[in-house]
Amino acid sequence: MGKPTGFLEYDRKLPQDRSPEERMKDWGEFHTHFDIEELKTQGARCMNCGVPFCHTGSPIEGGCPLGNLIPEWNDLVYHGKIEEAYKRLSMTSNFPEFTGRVCPALCEGSCTLGMHEPAVTVKNIEVHIIDTMFAEGKVQPRIPRKSTEKRVAVVGSGPSGLACADILNQLGHKVTVFERSDRIGGLLMYGIPNMKLDKKIVQRRVDLLEKEGITFVTNTEIGKNYSSASVIKEFDAVVLCCGATKPRDLVCEGRNDVKGIYFAVDFLKANTKSLLDSNLEDRQYISAEGKDVIIIGGGDTGTDCVGTAIRHGCKSVHQIEIMPEAPECRTAANHWPQWPRIRKTDYGQEEAIKLYGRDPREYLTTVTKVVPDEKGNIKEVHTVQVEWENNNGRMTPKPIEGTEKIWPCQLMLLAMGFTGPEDTLIKQLSLETDARSNVKAEYGKYATSLKGVFAAGDMRRGQSLVVWAIHEGREAAKACNEYLNQK
Ligand SMILES: Cc1cc2nc3c(=O)[nH]c(=O)nc-3n(C[C@H](O)[C@H](O)[C@H](O)COP(=O)(O)OP(=O)(O)OC[C@H]3O[C@@H](n4cnc5c(N)ncnc54)[C@H](O)[C@@H]3O)c2cc1C
Ligand code: SF4
């Protein structure tokens, strides 16, 4: 423990984000870094708890799923030993530069200090450690010393696929990652926008993994332009990391008769691709410029759509959310060390407040109808407020008469989550699925119903977080390695 009285002496502080006015004009990242002296002070706040909940990683009670050695690196950072801190960090985490940027920080939600004081700034300390190491050239390719000559195919290059490939490669297996998109990274590349996670950061890690011996094959969809049977035959084992990419659709009058309604990921992906290909000059994206934009869904994906629409120069932006607004503080039912389900004003909302003078979120509201103009393009969105009713133990939304509203809209984005993985590959391989249509593979074992085929990440657990995907990728790699060693 760096400084025994640190948590009593110092307040939680984070580096100042770039201001909304400034950052709305570009696609650059909005988080900034502390200087080392301020970072040490923040490291000093860690109490090095006897039972540090920050790194427990329970799906119910929270904490870091990777089991990051958080108290150890907080202490090392306090003593200015960043390289030592990095050694600890890289023992449990493949890609701290991703989680240090995009993780909601489950560790901070369960930090003991958070019971009475604001939590330790674990996520900021993490990103500082890894960014410093990259800047100082201390993150170098680790070429595996031995080769088992066993061949593994990893299908899908999101965080679970990349973590899995990294571990298997370091264990000496010959790893090929197949990706149907033109760039590697899954939702790290083509979901999360550039201002939250600069794509150069993703590409830097992919380049490193390639130098370490992993083969990446893009524009190749297993089950479509490369047969699933061939993959099974050509490789000693297969790990499926294809994500949960089936978006939830809107059910309302007019949904199928109106143009100008898009799924959030299609909107975000096209934007990032065009940004990377041509700095948006090819115009190969869905533009929100000059439009009244309605986003269905008040979550993080909706926030990313708000930030992107604002950068296009939209006329107005609103987020329609059927659930009530979260409370300011934890409720009795949401006790520490669980993840705090409290109100959060994220970067997209901050920017909308600055630009339009109000929070874009409309709670307890649902869409009843979408109306086209004479050319069939979306013109209006009809909504109604709801109240949640308990019907024999099942909560259902009930429309409130007299609260109907009509919104002008020329672009609607659906950010209502995902219903599960696509089923082409699942059907071709006759894989068993669970009740939520995810690939059935027991947590901790990751083996599917087909011998030698494993599954990890959102494809196995359903829509989740980058940190859980990395955890599953790591664990699936270990299970796959055991299988290969016995083969
Ligand atoms: C817009 C958006 C923003 C998000 N923001 C955050 C955030 O800020 N923080 C956070 O923690 N989580 C966030 N998430 C969730 C997080 O991105 C996912 O939980 C995580 O990426 C899942 O990783 P994965 O590896 O399982 O799958 P994915 O990242 O979905 O990757 C799956 C990959 O498999 C490829 N693929 C699928 N089928 C095939 C096939 N047959 N052949 C070849 N390739 C295939 C896909 O093209 C894709 O690249 C966000 C999600 C979205 C949609
Ligand atoms: S729970 Fe918080 S205070 Fe305790 S060791 Fe972890 S980061 Fe430090």
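A residue counts as buried here when its relative accessible area is under 20%. By that yardstick Arg101 makes the cut, because its relative accessibility is 7%. Keep in mind that this is a predicted model. Below is a quick tour of the whole chain, followed by two buried side chains and one helix.

**The chain as a whole**

- The chain has 487 residues, and its radius of gyration of 23 Å agrees with the value near 23 Å that a compact globule of that length would have.
- Along the principal axes, the C-alpha trace spans about 65 × 60 × 55 Å.
- In terms of secondary structure, you'll find 18 helices and 16 strands.
- Buried residues make up 53% of the 487.
- If you take contacts between residues at least 6 apart in sequence, 67% of them join residues at least 24 apart.
- The accessible surface comes to about 22000 Å², and carbon and sulfur atoms account for 51% of it.
- As for charge, there are 63 positive and 67 negative ones, and their mean positions sit 4 Å apart.

**Arg101, a buried arginine**

- Arg101 belongs to helix 6, which covers residues 96–102.
- A polar atom of the Arg101 side chain lies 3.1 Å from the backbone oxygen of Glu97.
- Setting aside neighbours within four places in sequence, Arg101 is in contact with Glu29, His31, Lys123, Val127, Asp131, Lys196, Leu197 and Ile201.

**Ser157, a buried serine in a loop**

- Look for Ser157 in the loop that runs between strand 1 (151–155) and helix 9 (159–170).
- Ser157 has just 1% relative accessibility, so it counts as buried.
- Its side chain has a polar atom 2.9 Å from the backbone nitrogen of Gly185.
- Gly185 is also among the residues that Ser157 touches once those up to four places away in sequence are left out; the others are Leu162, Val177, Phe178, Glu179, Arg183, Ile184 and Gly186.

**Helix 15 and what covers it**

- Helix 15 takes in residues 347–356, and its buried members are Tyr347, Gly348, Gln349, Glu351 and Ala352.
- In an α-helix, residues three or four places apart point the same way, because there are 3.6 residues a turn.
- The cover over the buried residues of helix 15 includes two helices, helix 2 (20–23) and helix 14 (300–312).
- Strand 8 (316–320) and strand 9 (361–362) are also part of that cover.
- Just past the end of helix 15 comes Gly357, with a positive phi of about 80°.

Note on methods
Residues are numbered from 1 along each chain as its sequence is written. Chains are lettered from A and ligands numbered from 1 in the order in which they are written. This is a predicted model: local features need pLDDT of at least 70, side-chain atom pairs count only at pLDDT 80 or more; totals for chains, interfaces and linings use all residues. Side-chain values use heavy atoms; hydrogens and water are left out. Helices (H or I, at least four residues) and strands (E, at least two) are DSSP runs, numbered from the N terminus. The radius of gyration is taken over C-alpha atoms; the globule rule is 2.2 Å times the number of residues to the power 0.38. Buried means under 20% relative accessible area, exposed over 50%, partly exposed in between (1.4 Å probe, protein chains only). Contact means heavy atoms within 4.5 Å. Accessible areas come from the Shrake-Rupley method with a 1.4 Å probe; for residues, only the protein chains shown count as cover. Lys and Arg count as positive and Asp and Glu as negative; His and the chain ends are not counted. The place of a charge is taken as NZ of Lys, CZ of Arg, CG of Asp or CD of Glu. A polar contact is a pair of N or O atoms within 3.5 Å; within protein, one must be able to donate a hydrogen and the other to accept it, and residues adjacent in sequence count only if both atoms are side-chain atoms.
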